[in-house]
Amino acid sequence: MKQVIINITENKFSFFMKLMKSLNFVKVVEPAQPSEEQLTSEKKETWSNVKQGFVELKMDEEGKLKFRPIQELINEL
């Protein structure tokens, strides 16, 4: 048996899966659950914080958000 991996756009995925399941010579292996859904609640919270950090970093790079310099934060401690 041969195996093929195909990348399908999200809006065509449902149609493609119906088509593949209709072929009697094709064995369809359902896609794996996204790794984020497999995380524990604590890890989900951590991952959410990491993603938010990247969003804020991108906003800073685009000039939409301004961070204080790290030295300013250190001086406050």
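**Helices, surface patch and salt bridges of the predicted chain**

Trp-47 is partly exposed, its relative accessible area being 38%. In this predicted model, Trp-47 lies in helix H2, which covers residues 41-61, and it contributes to a nonpolar surface patch of about 480 Å² together with Val-50, Phe-54, Leu-57 and Phe-67. Residues enter such a patch only with over 30% relative accessible area, and the 38% computed for Trp-47 is therefore in keeping with its place there. As a general point, an α-helix has 3.6 residues a turn, so that residues three or four places apart point the same way.

The length of helix H2 was also considered. At 1.5 Å a residue, the 21 residues of H2 should span 30 Å, and the C-alpha atoms at its ends are indeed 30 Å apart, so that expectation and model agree. After H2 comes Gly-63, a residue with a positive phi, near 80°.

With regard to the chain as a whole, three helices and zero strands are found, and the order of the elements from the N terminus on is α-α-α. The radius of gyration is 22 Å, well over the 11 Å that the globule rule gives for 77 residues, and the chain is therefore more spread out than a compact globule. Along its principal axes, the C-alpha trace spans about 70 × 30 × 20 Å. Of the 77 residues, 3% count as buried, that is, they have under 20% relative accessible area. The accessible surface comes to about 7,700 Å², and carbon and sulfur atoms account for 57% of this area.

The loop between helix H1 (10-22) and H2 contains Val-26, which is partly exposed, with a relative accessible area of 29%. Although Val-26 and Gln-3 are separated by 23 residues in sequence, their C-alpha atoms are 9.9 Å apart in space.

Charged contacts were examined next. In general, side chains of opposite charge can pair when their charged atoms come close. A search of the whole structure finds three salt bridges. One of them joins the side chains of Lys-64 and Glu-62, with a distance of 3.3 Å from N to O; this lies within the 4 Å allowed for a salt bridge, and the pair is therefore counted. Of these two partners, Lys-64 is exposed, with a relative accessible area of 61%, whereas Glu-62 counts as partly exposed at 42%.

The other contacts centre on Arg-68, which is linked with Glu-72 and Glu-76 in a network of salt bridges. Between Glu-72 and Arg-68, the closest N and O atoms are 3.6 Å apart, while the corresponding distance between Glu-76 and Arg-68 is 3.1 Å. Arg-68 itself is partly exposed, with a relative accessible area of 41%, and Glu-72, at 37% relative accessibility, likewise counts as partly exposed. Glu-76, by contrast, is exposed, with a relative accessible area of 54%, a value that falls in this class because exposed residues are those over 50%.

Notes: Residues numbered from 1 in each chain as written. Heavy atoms only, no water. Patch = residues over 30% accessible without salt bridge, like charges linked within 9 Å, V, L, I, M, F, W, Y side chains within 5 Å. Areas by Shrake-Rupley, 256 points an atom, 1.4 Å probe, with all protein chains shown as cover. Helix = DSSP H or I, 4+ residues; strand = E, 2+ residues; numbered from the N terminus. Buried < 20%, exposed > 50% of the residue type's maximum accessible area, 1.4 Å probe, protein only. Expected span 1.5 Å × (residues − 1). Rg over C-alpha atoms; globule rule 2.2 N^0.38 Å.
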